[in-house]
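Hi everyone, thanks for coming along. Today I'd like to walk you through some charged pairs, so let's bring the picture up.

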Amino acid sequence: MNLRDKLLPIAEQDPNLLLEEVEGNTKMVIYQIFTRLFANTQNTNKKYGTLAENGIGKFNDINQAALTSIADLGATHIWYTGVKEHALLTDYTAYGIPLDDADVVKGRAGSPYAIKDYYDVNPDLAVEVDQRMQEFEALVARTHEHKLKVIIDFVPNHVARQYHSDAKPEGVEDLGAADDPSQAFAPNNNFYYIPDQAFQVPQDYHSLGENSFPTKDGKFDENPAKATGNDQFTATPTLNDWFETVKLNYGVDYQNQRKTYFDPIPDTWLKMRDILLFWAKKKVDGFRCDMAEMVPVEFWHWVIPRVKEEFPELVFIAEIYNPEQYRNYIDYGYFDYLYDKVQLYDTLRAVTEGRSDLYHLPDIWHYLRGKNHHMLRFLENHDEQRIASRFFAGEAQKALPALVVSTLLHTGPMMIYFGQEVGEPAEGDSGFSGDDGRTTIFDYWSVPEHQKWVNGLRYDGALLSEAQHALRSYYSKVLNLSQQPAIGEGYFYDLHPHNRYFTEGYDNMVFAFLRFNATQKLLIVTNFDAEHGRRFNLKVPSTAIAAMNLSTEKKYPLQDILLTDTHLKMDAGNVIISEGEAGMPMEVAPLQSFVFEIKNC
């Protein structure tokens, strides 16, 4: 009988034991790179600066030293963000690439989610523009040499207003080429139209960066207008809409009670399948699917199995924000992983900022029961504000408890954003992005604290402060701990409910839990309070002791494997059998975490 079968009777009686974890799983740790910014060594940072003024990083700049350091940090995957060709204002007409109209490009560098050609890569990222795809392929190969896997974006919901593929394979028909633009909706149109109306650039956009953008004149010509990417079926989107993009048609008539036309298979489905297969043949290992829930789940149900027939190891990650749709996109849509933003991220952020406590944390994993191992956790990405920014915690160290919990709670992936590990604060007004605590995705820019680690493409961190070295070291230890057997494939037991009401000194700023499998047993304790330590006698119930196959008659040494040589003796006979038991003495400093290995000797 395997361990899970032995634990089933305990789990039926104790709701704090979770048995959904995946045996044989290797936990994914994703390092997200915003590719154009990652290796930029210039530091001019002029508002609305050009590529020549502010600089840019290239595919070739992500060298052996960079990849070695990322692997050593604990990453298993790299998500190269902004790889595909998208609308931008740098002139590449000499290479046969049409110049984009500034009226429908956000910033000078453009949004990486306004795809201009699904079959090409961003020419900004190439040293030799006419060799840009070969340079990307070399980066993929280089990444694989370091035993790191490659994830890229798949942007299925919308494209740039001036979408046109000049790199599509022979025989491929361009999006919209066969559309009937006189129809607001037709099942085999690739776009939605607003007949008899011309598109109007938002008035507020005419003045943004006006002196820098001589072609931003409001004269962009699109007639009839196409629907905007964020489901705005109007010829007059606002500045706050995704006005630089157009919505793709998957056979849903949004303006007629959302009627669906999925039989026969819509043309857009077929084109998107072919695009996924094209990139899979470039040896990428997975796709982060942008705004996946804005595309009908029926498409994912159809396309993911077909792509995996040829490439069974591909990973599909859904950017999704509606918890009511999680089960649908896992069970029916066949996604491997989903963003856990509105539950775990939002909760841990509120606690880190001092706006809330951990009272509802157990509710989250209970709500996600059966789905926890599908949830991708993070504290930063390109859409979210930087931890060290004044808009979030203001200090990177304040999120270290959240890092421990996000990384070690379950078997699903953990993701960090480049520069997070050195406390990048995202300061400065870059242009379209403004000064909002996010590292810009629209502008040519540099990332100053991250640059100290890059150190002229040496990637040795020689310019980092002592505090930044300590922060990066902490990240490395936590992320590498995620490869421990009990984390990658182990079960979960929540100690919080047994202690928050019954243990003096333990409150809703402390979180304790167990992770274990047949070969390893871990106790994780963390204090989210930035100002006050905690002393308490941690209670571990008899069901948890039995689940770990420990005896109440023995003492088990505890060794912290995170940072220190702290050793404690766990007398199981005195630990947590009821409210009146003594429990295990524990002292946790402000923002301190322990990862204790329970030695079965």
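Let me start with the term we'll need: a salt bridge here is a side-chain nitrogen of Lys or Arg within 4 Å of a carboxyl oxygen of Asp or Glu. As a bit of background, side chains of opposite charge can pair when their charged atoms come close. Please keep in mind that what you see is a predicted model.

So, how many salt bridges does a search of the whole structure find? The count is 31. I'll pick out three of them.

First up, K226 and E222. Their closest N and O atoms sit 3.9 Å apart, and that counts as a salt bridge because the cut-off is 4 Å. Are these two residues buried or exposed? K226 is buried, with a relative accessible area of 15%, and E222 is buried too, at 4%.

Next, have a look at D290 and R288. This salt bridge has its closest N and O atoms 2.8 Å apart. Both D290 and R288 are buried.

My third pick is D507 with R534, where the closest N and O atoms are 3.1 Å apart. Which parts of the chain does this pair tie together? D507 lies in the loop between α15 and β19, while R534 is in strand β21, so the salt bridge links parts that are 27 residues apart in sequence. D507 is partly exposed, at 28% relative accessibility, whereas R534 is buried, at 11%.

Finally, let's go back to D290 and R288. Through salt bridges with shared partners, they belong to one network with D153, E319 and D383. Thanks for listening!

How values were computed
Residues numbered from 1 in each chain as written. Predicted model: local features only at pLDDT ≥ 70, side-chain atom pairs only at ≥ 80, totals over all residues. Heavy atoms only, no water. Buried < 20%, exposed > 50% of the residue type's maximum accessible area, 1.4 Å probe, protein only. Helix = DSSP H or I, 4+ residues; strand = E, 2+ residues; numbered from the N terminus.
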